[in-house]
Amino acid sequence: MRKVDLCLSSEGTEVIFATSSDEKHPPENMIDGNPETFWTTTGMFPQEFIICFHKHVRIEKLVIQSYFVRTLRIEKSTSKEPVDFEQWIERDLVHTEGQLQNEEILARDGHVTYLRFIIVSAFDHFASVHSVSAEGVAVSNLS
């Protein structure tokens, strides 16, 4: 089993829900592999998005590149549908003036089919997520 970035759209991953969308900066930008694109919130918090892997995966490390995110909560589900999420990780990020926040998280018990990312609070009225990557392996197909 080879380790890959499980969050790339080229791996079959999708953003199936986001609380806000700007036509110039849609949620799909977070997983397109292009460092020049991003998803932006449209004010008011919390904001959230759900990533669907379309298979069972084991995540070993998450890397989130963002701007103005203060508190980030990540929930996971192993269900066939995006239900029964359980809180997995919560982090207070450091504000990095003029550069992206680069949050690396070593994952424990990283078996998932869906991830829900909740931006609980931000350092400004808007926040952006430039990329979400998940190093790990595909375990099995959904059956």
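In the predicted model, His56 of strand 4 has Ser140 in strand 9 as its bridge partner. This pair belongs to an antiparallel arrangement in which strand 4 and strand 9 are joined over twelve bridges. Strand 4 also pairs with strand 8 in the antiparallel sense, here over eight bridges, and Arg58 has His111 of strand 8 as its bridge partner. A further antiparallel pairing, with six bridges, links strand 4 to strand 7 (residues 101–106); within strand 7, Glu103 is the bridge partner of Ile64. Strand 2 (residues 14–18) is joined to strand 4 by four bridges, again antiparallel, and Glu14 stands opposite Cys52. Of the 21 residues of strand 4, 15 are buried, so the strand is largely enclosed by the rest of the structure.

The largest nonpolar core contains 33 residues, of which Ile59, Leu62 and Ile74 touch the most other members. At least two residues of this core are supplied by each of strand 4 (47–67), strand 5 (69–77), strand 6 (86–92), strand 8 (111–122) and strand 9 (128–141). Strand 4 provides the largest share, eight residues. Beyond four places in sequence, Ile74 touches Leu62 and Ile64, the run Glu86, Gln87, Trp88 and Ile89, and also Ile105, Leu115, Arg116 and Phe117.

No disulfides were found in a search of the whole structure. The sulfur of Cys7 lies 11 Å from the closest cysteine sulfur, that of Cys52, and this is too far for a bond, since a disulfide requires the two sulfur atoms to be within 2.5 Å. Cys52 is likewise in no disulfide, its nearest cysteine sulfur being that of Cys7. Both cysteines are buried: Cys7 has a relative accessibility of 1%, and Cys52 has a relative accessibility of 3%.

Thr40 is located in strand 3 (residues 39–40). With a relative accessible area of 13%, Thr40 falls under the 20% limit and is therefore classed as buried. The Thr40 side chain reaches the backbone oxygen of Ala127 at 3.3 Å. Apart from neighbours within four places in sequence, the residues in contact with Thr40 are Ser20, Asp22, His25, Ala127 and Ser128.

An unreviewed UniProt entry places the feature "domain: F5/8 type C" at residues 18–121. In the model, this span is 55% strand and 0% helix, and its end C-alpha atoms lie 16 Å apart.

Conventions: Residues are numbered from 1 along each chain as its sequence is written. This is a predicted model: local features need pLDDT of at least 70, side-chain atom pairs count only at pLDDT 80 or more; totals for chains, interfaces and linings use all residues. Side-chain values use heavy atoms; hydrogens and water are left out. UniProt positions are given in the numbering used here, feature names are shortened, and annotations may be inferred rather than shown by experiment. A nonpolar core is a set of buried Ala, Val, Leu, Ile, Met, Phe, Trp, Tyr and Cys residues joined through side-chain atoms within 4.5 Å. Buried means under 20% relative accessible area, exposed over 50%, partly exposed in between (1.4 Å probe, protein chains only). Contact means heavy atoms within 4.5 Å. A polar contact is a pair of N or O atoms within 3.5 Å; within protein, one must be able to donate a hydrogen and the other to accept it, and residues adjacent in sequence count only if both atoms are side-chain atoms. Two strands pair if DSSP finds at least two bridges between them.
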